[in-house]
Amino acid sequence: MLVYKKKNQQYPNANIKADFVIGLQYGDEGKGKITHDLCREGGYTHVLRFNGGPNAGHTIYHEGQKLVTHHVPSGVFFGIRSIIGNGCVIDPERLFDEIKELEAAGIDVVSNLRIAENAHIIMEEHKNEDGADEKIGTTRRGCGPAYRSKYDRSGALVRDYRFSGKLSFLTDLVVDLYDELHTGEDTYVLCEGAQGFGIDVDWGDYPFVTSSHCTTAGALLNGIPPQAVNRVWGVAKAYETYVGAKNFQGYGRLLTELQEVGQEFGATTGRRRQTNWIDLDFLAKSCRMNGVTDLVVNKMDIMREVMKGEHWENDFKKEVSTLADACGVARVFFSDNPHTILSKEAAE
Ligand code: IMP
Ligand code: MG
């Protein structure tokens, strides 16, 4: 006979549904604002950050304020339960600072934030080691070494870590994702990705990659069953940017202008992002591999400003829409403005 510890454990996965926000290029595609927009529209019971850590920087415009999150999922802006998943690595001190900063801006973080007990902690030695990196051009936040410790089984799990002093309150935020997501009640999760497919540890341009899974599949590693997959929002920019040690900058004045006009400087490290024209073959691969249902192309306004006088926009939209069709993408959005995003301007 099968024995269930809890009475409510005999239910199918039909109760859990999930949408995803996935970076299709090299990070910094504007995932933060898409997530923020989707949260505002509502319907989600949870927002889950599923990869990365303090290396990420999501720029969000909330009620007239410009805010940058690193660990904290965007659900906190709308009072939605927001979880740092087991695919993440956490720097407790930086998380503390981030919470304080958001709270100073009037956001209630602590009531909504939760941390997966099986996420990993970035220790001092991880930061020291990563601080010396030049080969990859990391963000020097200790993420790579922390993931290495995770996989060599010497890592510090959240559930075993003692948060002390001013960090003590974090202990009360620790949860088991199974209990959170598989309650038998209806659960609708927005999985908020960090970084992008081009720097994914498996599918990116290794070794110039981050050390986590930035894909839709990577999100599923955080307790989301495959039957839950609903919409996959793939986010791209009208041009490409990359931060790190490899040579990525394309030639020409327009690309340098894109850096300035598009304010392409890292939200986490302030580094100048290298720019290049969009690679549509890569975009197609990224859409297919992540099962994108909804494609968002950001920063059309920046391209327009830099390309003024050139007739690129109609052709560009047509080409992207054709590509989307070929990749099984159901809807395409071209986004113009940093503040309003899904302006319902879907391509014909
Ligand atoms: P790490 O994730 O700090 O180990 O850095 C590895 C590579 O990923 C470097 O090229 C970083 O610049 C890049 N990277 C990491 N996080 C982000 C991000 O949030 N946006 C853009 N690039 C990132
Ligand atoms: Mg960023």
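Me: Before we start, what do buried, exposed and partly exposed stand for here?
Reply: Buried means under 20% relative accessible area, exposed means over 50%, and partly exposed lies in between (1.4 Å probe, protein chains only). This is a predicted model, where local features need pLDDT of at least 70 and side-chain atom pairs count only at pLDDT 80 or more, while totals for chains, interfaces and linings use all residues. Residues are numbered from 1 along each chain as its sequence is written, and ligands are numbered from 1 in the order in which they are written.

Me: Why is Asp 28 called partly exposed?
Reply: Its relative accessible area is 24%, and partly exposed runs between 20% and 50%, so Asp 28 gets that label.

Me: And what makes Gly 57 buried?
Reply: Gly 57 comes in at 16%, and the limit is under 20%, so it counts as buried.

Me: How do you know that Asp 28 and Gly 57 coordinate the magnesium ion (ligand 2)?
Reply: Donors are N, O and S atoms within 2.8 Å of the metal (3.2 Å for Na, K and Ca). Asp 28 (OD) and Gly 57 (O) sit at 2.1 to 2.4 Å, so both qualify. Asp 28 is in the loop between S1 and helix H1 (31–41), and Gly 57 in the loop between S2 and strand S3 (58–62), 29 residues apart. Water is not among the atoms, so the site may look incomplete.

Me: What makes S1 and S11 a pair?
Reply: Pairing takes at least two bridges found by DSSP, and strand S1 (residues 16–23) has six with S11, in the parallel sense. Asp 19 stands opposite Leu 190 there.

Technical notes:
Side-chain values use heavy atoms; hydrogens and water are left out. Helices (H or I, at least four residues) and strands (E, at least two) are DSSP runs, numbered from the N terminus.
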